[in-house]
Amino acid sequence: MSTMPADCEIPSTEEPFFEVATPMTKFVSLLGVTLPLAGFVALVAMLWGRGFDWLHGGLLAGMYLLSAVGVTVGYHRYFCHRSFQTFRPIQAALAIMGSMALEGPVLKWVAVHRCHHQHSDGDNDPHSPHQHGGGIGGVLRGFWHAHVGWIFRGDPVDVYRYVPDLASDRMLRILSKLWMLWAVIGVLIPAAIGGLLTLSWTGALLGFVWGGLARIFLVHHVTWSINSVCHLWGWRPFRSHDMSRNNLIFGIVGLGEGWHNNHHAFPTSARHGLRWWELDASYALITAMRWTGLAWKVRVATVDSWKAKQVG
């Protein structure tokens, strides 16, 4: 399979850069945002009335890790940036796990992210918070757009031009087209486990809410916070052509994705948490895969490259 250039450069176009989203697209996007929110609200209500349940809390944590790893290790570091190599069955598993996060098919997710890197914080960035005016109002408008508002805008025109390498792979094309099936399976798994272990429909319902809808809500907002929070608040140890920032909170809950300035300075590096104290659970998993022979050609930014890009 061929790979994209490291900087993912695509020829520019004079035509309008973004499509106009159809009413149906906006409606589907609205469902994708509000249904997990409803599940999270239900989870909070259940906590208030029933107290904490270790079984369903475990389903929430387990499904969060499963789908979040699918996004961070799979969609992002493997499919988008090719920061390591792995076997075909693991590629398929990562694509399916990422689809369970309900963030779209792998081909489209990668295409939009590569577009973001090419145009980061410029006019054609799909989700920059920095093109929405000055003052507090501009910051708030930018935060809303970068966090969730961009989902309701049309995609970049001919968005799949960013992924010719992935689009040429028949397995990935099929997995990408079936992403909604994997997403549905991702909410049925915790429901089935909850029902079987409690032998009750109530247990199944709680598994669906905790490990399904509420888990998707958390994965969504952690992922979206990398787009919004990590381009507004944090620190910038390295030079990059944008306003990306490292953020401690999302470095941890985002499994290493919150070391966002590090990532934009060295986009093909499998390791985002470059210093010993920058916890990067996704890179720890990639390292374990390398130790066990499940990953190879793991690309990591060198200390010399750090020094060349360090600020100050």
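Start by selecting helix 2 (residues 54-80) together with helix 8 (residues 179-198) in this predicted model, and look along the pair: their axes come within 11 Å and cross at roughly 155°. Because angles over 145 degrees count as roughly antiparallel, helix 2 is roughly antiparallel to helix 8. To see what makes the contact, show the side chains of Leu-55, His-56, Leu-59 and Met-63 on helix 2, and on helix 8 those of Gly-186, Ile-189, Pro-190, Ile-193, Gly-194, Leu-197 and Thr-198. With both helices still in view, you can also follow the sense of the crossing, which is right-handed where helix 2 passes helix 8.

Next, follow the chain out of helix 2 and select Arg-82, which sits in the loop between helix 2 and strand 1 (85-86). Is Arg-82 buried or exposed? Its relative accessible area is 6%, and since buried means under 20%, Arg-82 counts as buried. Its backbone deserves a look as well, for the phi angle of Arg-82 is near 50°, a positive value in a residue that is not glycine. Most residues other than glycine have a negative phi.

A second residue with a positive phi can be selected in the loop between helix 4 (106-118) and helix 5 (135-147), where you will find Asp-121. The phi of Asp-121 is near 65°, and Asp-121, too, is a residue other than glycine. With a relative accessibility of 10%, Asp-121 is buried.

Now move to helix 11 (residues 260-265) and select His-264. Its relative accessible area is 5%, so His-264 is buried. Which residues does His-264 touch, once those up to four places away in sequence are set aside? They are His-116, His-117, Ser-120, His-231, Ser-240, Asp-242 and Ser-244. Of these neighbours, pick out Asp-242 and display its side chain, because the side chain of His-264 makes a polar contact with it at 2.6 Å.

From there, go back to strand 1 and select Phe-87 in the loop that joins this strand to helix 3 (88-99). Phe-87 is partly exposed, with a relative accessible area of 42%. Leaving out residues up to four places away in sequence, Phe-87 touches Gly-293, Leu-294 and Trp-296, so add these three to the selection. If you then draw a line from the C-alpha atom of Phe-87 to that of Val-139, the line spans 43 Å, although the two residues are 52 residues apart along the chain.

Helix 5 is the next place to visit, and the residue to select there is Arg-141. At 48% relative accessibility, Arg-141 counts as partly exposed. Its contacts, again without residues up to four places away in sequence, are with His-132, Gly-133 and Gly-134. The C-alpha atoms of Arg-141 and Arg-77 are separated by 29 Å, with their positions 64 residues apart along the chain.

Finish by colouring the chain by pLDDT, whose mean for the protein chain is 93, with 95% of the residues reaching 70 or more. Residues 1-6, however, have a pLDDT below 50, and this stretch has 14 contacts in the model beyond near neighbours in sequence. Residues 9-13 likewise stay under 50, and for them the model has 7 contacts beyond four places in sequence. Where pLDDT is low, the predicted coordinates should not be read in detail.

How values were computed. Residues numbered from 1 in each chain as written. Predicted model: local features only at pLDDT ≥ 70, side-chain atom pairs only at ≥ 80, totals over all residues. Heavy atoms only, no water. pLDDT = per-residue confidence, 0-100. Contact = heavy atoms within 4.5 Å. Helix = DSSP H or I, 4+ residues; strand = E, 2+ residues; numbered from the N terminus. Buried < 20%, exposed > 50% of the residue type's maximum accessible area, 1.4 Å probe, protein only. Polar contact = N/O pair within 3.5 Å; in protein donor to acceptor, adjacent residues only side chain to side chain. Axes fitted to C-alpha atoms, helices over the stretch in contact; angles between N-to-C directions. Parallel < 35°, antiparallel > 145°, perpendicular 65-115°, else oblique. Left-handed = near helix turned anticlockwise from the far one by under 90°.
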